[in-house]
Amino acid sequence: MMDNPASTSPGLARVPVGKALAVGLGGCGVRILESLRNNPRAKWLVTLAVDTDGGFLAGTHADAVINASADWNSKSSAGCGGDVIRGERAISHERANLKEHIRGFSLMIVAGGLGGGTATGGVRTLASIAREEGIPAIFLLTTPFSFEAHSRRKNADDCLQEIIPVADVVLTMPNDLLFSTLPPDTPAEAAFAASAREMANTVAGIAAILRCRDLLGTNFATFMRAFHKRKASCGVGVGFAESSDGLDRCALALTRMLDSPFLGGKEAMKRADAAIVTLTGGPDLELGELKRSLELAAGVMPKGAEILSGANICDEAADSVQMTAVIFQYAPESRPEPLAARTSRPAAEPAVPSSSGEEPPLPFSAASDNAEEVELGLQSYDKGIFEKLPSVRFREEDLDIPTYQRKNIHIDKGS
Amino acid sequence: MASSGQTIITGIEFGTDKICVIHAMPDQNGNIEVLSFASLPSKNSVVKGTVIDQNAALGILKSVLEESEKGLGWKFSRADQQVYFLINGMHVSSRFGEGTVLNCNADRKITEAHVRKAVDNAKNLAISTDMENIQVYDSSFLIDGTKRTFNPIGMIGEKLTAIIHIIFAEKKRIDMVQAILRELGFEYGYPIFTPLADAYGVLTQDERSQGTLLFDCGAGVCSYVLLYKEGVLLSGAIPVGTNNIANDLSIALELPYEFCQKFLRESTLKRLRDEGKNYLEYKVSSGGVDKIRRIPLDSFERVMDLRQRETFSLLRQELERAKMLRYLRNSIVMTGGGSLIDSAPAIMMNVMGVPVRCGETMNVTGALSSFRNPMPCYAAILGLVKHAAALEEDSPSGGGLRRTVVHATDQFLDGLKSLGKAFKL
């Protein structure tokens, strides 16, 4: 809540460079942060909860809290009711405050659920602040269930189309995929808790990859290079094992990583073109373990795949190991790469083998590519000062029509 | 002050935003001294870099010329003046020309004569009758069809192929400007494509050699040129400019267009952000009652970002389409009013993946107080003078380019040496 002593920015401003900030945006994001708190390997992450619903924020234990109000004047904290414009306005209103909280960190990981108001409306502001402050940012965003309202899916898709060119890295995680790994008789509450836990693990896993500068280096530049090489589908897997789990904790961590719902299974790893694999362990991690773990992971990958390995030692991971893999399956080079689609797209369907015998898509695949709706040319455009001038078309497009209109993006005019 | 024996160059810009005239004097070292400068708004006589209302443009140019000549402090005959004008817009295009010459010398050494002949052959490219060649620049040379080089003189080979970059424009557009100039007493004006003029003024020799893109972001049109090894690899225009950004803001946020232009020009977004504000307060009157509208600054940023990102993405696509992206190895230099929008360099860097800087014309002295806007806005017209000075120096007839009026274009082209040479100021 606002009276949380850590919610004032000066305390956070003293966070040393090299620290990462995990931001939970909206209800789903805040739930993920709560789950992250229970993850001992994520203790080093500073957490910031941002939501428009004050009541929801009351129970959070994040290091800092921002209760954004969707109303310019009344400062109401009743949430934005799933309205993207209200969510956007609320987060935009807190921009200066957010900037103060974010400043000084060397990495920001934003987690949230798309489709509602706060996260869908707010991610762009966070991306903009990160860019302005020069902080690398990774967005881990869930997309709505297929049974949810069409408007929520459309909100999520529109948001992704806009955020992908602006943000450094965007990873979308379909809720459908996550829940497909749970038995149907799982209680709903437990299922959502499992979802938040899995997302938290992914946040911790991604953060661990970028923390790996101690033994074998993988850093944000490596990450960006892999992501921006070509259009790609990707998956993330995280596996933990403790010394008490058995003799071969590294093999166990690998097995658990391969079972991660967001990785897409062992088959997905077998088809990957590239992967970033890191092992995080405590001071007790032995060289033999390290070597064997990375070799085991590399053994799952096909021959010729590019593997970037990293290893890190941190005190919080004593008596345990965490293996994280981000796998990439690049689109064929023959297919032209649209500039806007850098890495990830909303996945319309979970990763199931298609009946046509084609390779099934990876979890965060561009599965929606082939299912684009044909747009009827009935939309009216306003060309403003160019209305009376002869139309100049460039590459079949009338560029005098405002870009936001052609891209069908709603802009908040204020009040 | 200029003495009677020194060359004074008159440069004219028909910009979407303003029509400008400059009188300047170059020296032997490539520096220029601005003697006088004047400008007036073009008031819709120029759209997207192209003159569309001849009479209106003539009237404005007449006033601007008179003001600039008044600033010179003495009278002279316009017919004796060497006039250069900037040409821009979607009617300007470019393509490669290829010309070959066989080397029959006993030692097979390629000479300057071979280069000249190969370039001449490359120039003889059939173009549509409604188009006119305006500039030719060296791009590269092939020796015996295989070995690519940028300076073949002294190398051994039996066959030399010149690959040149030819810029041409719609004849009627050029004729329209020539008619305006004749009406005002000039005999002939020499057209220079805007981004090439910019490149003369703002790029360092290293930048010209190592693969640099010059991007002129004007009010109505953006134009670009890619230079590598001091040769031109690609040039072109995209029909959007800062007016499109102001127009987008005006429509999206229901604000007057003029307000949005001012918003952009005065970097209001950055100022308000620096003040810690999250929204802009705009006063509206409704039924005699004043009301304050609060418009989120993020909305401004979003509209601007979308337009700029799209423009820069189109530029990237043009480079990719021409398979020239790999030659963009050094940086991008932005000029024009659009380069002064605070977010522009960062977005350009994000889209293109190379360092970006704003360019200002180098080695300019004189009457600089007449330039009321920041210097990147005048990079083209100042570069025009530098380019013209280089052409005058390279012309076989010395300062006598004016004497080539009879077959102006052809002889003008003959008078040009390669860009590589011209750039070596």
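A residue is called buried if 20 or more other C-beta atoms, placed from the backbone, lie within 10 Å of its own, exposed if 12 or fewer do, and partly exposed in between. The model examined here is predicted, so local features need pLDDT of at least 70 and side-chain atom pairs count only at pLDDT 80 or more, while totals for chains, interfaces and linings use all residues. Residues are numbered from 1 along each chain as its sequence is written, with chains lettered from A and ligands numbered from 1 in the order in which they are written.

Helix α2 of chain B makes a good starting point (helices are DSSP runs of H or I, at least four residues, and strands runs of E, at least two, numbered from the N terminus). Its buried residues are B:His114, B:Ala118, B:Val119 and B:Ala122. These cover an arc of only 130° around the axis, which puts them on the same side of α2(B); the arc is that of the directions from the helix axis to the C-beta atoms. Exposed B:Glu112 and B:Ala113 sit on the face turned away from that buried side. The packing partners of the buried residues are β7 (93-102) and β10 (159-170) of chain B, contact being C-beta atoms, placed from the backbone, within 7 Å.

Turning to the meeting of the two chains, 32 residues from chain A and 36 residues from chain B take part in the contact. On the chain A side, α4 (84-93), α5 (95-102), α6 (118-133) and α14 (403-406) each supply at least two residues.
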